[in-house]
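Me: I'm new to reading structures, so please pick one spot and look at it closely with me. Then walk me outward from there, and keep it relaxed.

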Amino acid sequence: MGKLKIEGGRPLRGEIAVSGAKNAALPILCASLLSADALALSNVPDLHDVETALRLLGTLGVGIRRTEGGVTLQASGVTSVEAPYDLVKTMRASILVLGPLVARFGEARVSLPGGCAIGQRPVDQHIKGLQAMGASISIEHGYVVAKAPRLKGTRIVTDMVTVTGTENLMMAAVLADGETVIENAAREPEVVDLARALVAMGARIDGAGTDRIVVHGVAQLHGAEYAVMPDRIEAGTFLCAVAATGGELTLTRVMPDSMDATLDKLREAGAQIETGADFIRLSMFRRPKAVNMRTAPYPGFATDMQAQIMAMNAVAEGTGVITETIFENRFMHVLEMQRLGADITAEGNTAVVRGVERLSGAAVMATDLRASAGLVIAGLVAEGETLVDRIYHLDRGYERMERKLASVGARIERVGGTPAATASES
Ligand code: UD1
């Protein structure tokens, strides 16, 4: 099984180009189901989760042609409306085919994802929204079976802010009859990116990026070309790494406007940050100061950045209190960071991190995607050798992370094993 071997204690210096956003690419790939014409995507990251999404679309009969840095999809010969358990269990975001399939083909059978390492993660809001649009839905043999000759526009108020829930309902609504209003919508930049892609395909959508999205249904969508937005979580991960190790890093092909909460926290920690339209330069020439942080839906602090900030706090001056409000079981990296010498007490959804002067390398185990990123950062700071096991989690959402880090001075290499898939994503 693949591991990362890290010799910690070296500052990072140089430049990294940020990849396309996983969480924008996945829904946009699924949006290809909404039209018979070709959707030509660029800036698609080369990740395990993207491979899984393409495999899923392939089994539905979507034509897939790889291009330089992207992929062209054509859903003119769809032969199946079933997303099988084998694929959905390896990637929960597979649920994103539900809305498009019902909207265009009047029918979908999508496996329920089942359990997840970071929390319960039900999909009841996706189902509730589709029912409100007139779909009849039953659960049969572990599958969500949805039927609707044509969805009808309506007003949907989701019980909580859900990112993929908002995306699924927005995709369903673009081909519905009449106007759909989604209240309490997720405001994440990835939702906005999906809306832009849909608009490029001929959809009529207002309010993406606010908590009230209005979709005016159209009879059909057409083909389009679209470039996926940069990955703000990948970018934030590298910035946390350099804030923890010290040094100076320039990120290119990035969207600083989507990263206010992370940049504010890193400034509070003592980093000097300069931003331009598509670059961020971070310098850190001191030990970081510990920060308090509470995860929240966008524009709050992203739960997907929580483990990385915790790693920085682990070596910071002072004590930082981290509160996780989105997922109920997202502190599994705490025990692993303690193996590296971190002083962290976690109770319920709060972790108190007392910064120590140094961490010491050890063998640790990744438990989910972003936890792995936190452990890599801790390993980059720790003295001596850290071995991060189960890095298939990392391969789901980071494109060649070890190569990017090695190019800015980290001593990091992959040892053994090929990537595999599991269900604990984010
Ligand atoms: C997305 C992101 C993930 C990120 C998360 C929160 C993708 C592919 N993944 O996941 O990286 O960590 O947003 O920012 O974009 N919930 C329900 N019922 C539902 C839907 C959600 O109870 O029907 C709950 C979840 O259990 C969770 C909260 O709502 O506690 C937010 O989850 P949600 O925003 O839906 O996360 P995902 O879209 O799965």
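Reply: Let's start at G318, which is partly exposed because its relative accessible area is 42%, and partly exposed covers the range between under 20% (buried) and over 50% (exposed). Keep in mind that what you're looking at is a predicted model. G318 belongs to the loop that runs between α10 and β19, the strand spanning 319–323. Now find P288, which is 30 residues away from G318 along the chain; in space, their C-alpha atoms are 9.1 Å apart.

Next, step back from that loop into α10 itself. This helix takes in residues 306–314 and is mostly covered, with nine of its nine residues buried. If you want to click through them, the buried ones are Q306, A307, Q308, I309, M310, A311, M312, N313 and A314. So G318, at 42%, is partly exposed, while the helix on one side of its loop is mostly covered.

Go to the other side of α10 and you reach another loop, the one between β18 (293–294) and α10, where P299 sits. Here's something fun to zoom in on: the peptide bond joining Y298 and P299 is cis, with omega at about 10 degrees. Why point that out? Most peptide bonds are trans, and most residues other than glycine have a negative phi.

That second habit gives us two more places to visit. One is N184, which isn't a glycine but has a positive phi of about 65 degrees. You'll find N184 in the loop that links β11 (179–183) with α7 (189–200). N184 counts as partly exposed because its relative accessible area is 26%. The other place is R400, again a residue other than glycine, with a positive phi near 45 degrees. R400 lies in the loop between α13 (392–397) and α14 (401–406). Its relative accessible area is 35%, so R400 is partly exposed.

Now for the ligand. Where does it sit? The ligand is found in the largest pocket. There are 19 residues around it, and the closest are D124, T162, T164, D304 and I326. Sorted by class, that shell holds eight nonpolar, seven polar and four charged residues. Two helices, α5 (124–132) and α6 (163–173), each supply at least two residues of the shell. The largest share comes from α5, with three residues.

Zoom in on the ligand's oxygen atoms and you can pick out some contacts. A backbone N or O atom of Q125 is 2.7 Å from a ligand oxygen. V163 offers a polar backbone atom that lies 2.8 Å from an oxygen of the ligand. With T164, it's a polar side-chain atom that comes in, at 2.6 Å from a ligand oxygen. How much of the ligand does the protein cover? On its own the ligand has 740 Å² of accessible area, and the protein covers 88% of that.

While you're at α6, look at G165, which is in that helix. G165 counts as buried because its relative accessibility is 1%, and the cut-off for buried is under 20%. Its C-alpha is 7.4 Å from that of V123, although the two residues are 42 residues apart along the chain.

S32 makes a nice partner for G165 on the buried side. At 1% relative accessibility, S32 is counted as buried too. It lies in the loop between α1 (22–31) and β3 (38–42). Its side chain reaches the backbone oxygen of L29 at 2.6 Å.

One more buried residue is G8, in the loop between β1 (3–7) and β2 (12–17). What makes G8 buried? Its relative accessible area is 16%, so it falls in that class. Try a long-range pair here: G8 and V353 are 345 residues apart in sequence, and 20 Å separates their C-alpha atoms.

Let's finish with E51 in helix α2, residues 48–60. With a relative accessible area of 30%, E51 is partly exposed, and that is the class G318 has at 42%. From E51 to Q74 you go 23 residues in sequence and 16 Å in space, C-alpha to C-alpha.

Note on methods: Residues are numbered from 1 along each chain as its sequence is written. This is a predicted model: local features need pLDDT of at least 70, side-chain atom pairs count only at pLDDT 80 or more; totals for chains, interfaces and linings use all residues. Side-chain values use heavy atoms; hydrogens and water are left out. A residue is near a molecule or strand if one of its heavy atoms lies within 4 Å of it. A polar contact is a pair of N or O atoms within 3.5 Å; within protein, one must be able to donate a hydrogen and the other to accept it, and residues adjacent in sequence count only if both atoms are side-chain atoms. Accessible areas come from the Shrake-Rupley method with a 1.4 Å probe; for residues, only the protein chains shown count as cover. On a 1 Å grid over the protein atoms alone, a cavity is a set of points where a 1.4 Å probe fits but cannot get out, and a pocket is an open set with protein on both sides within 12 Å along at least five of seven lines; lining residues have an atom within 4 Å of a point. A molecule sits in a cavity or pocket if more than half of its atoms lie within 2 Å of its grid points. Helices (H or I, at least four residues) and strands (E, at least two) are DSSP runs, numbered from the N terminus. Ala, Val, Leu, Ile, Met, Phe, Trp, Tyr, Cys and Pro count as nonpolar, Asp, Glu, Lys and Arg as charged, and the others, Gly among them, as polar. Buried means under 20% relative accessible area, exposed over 50%, partly exposed in between (1.4 Å probe, protein chains only).
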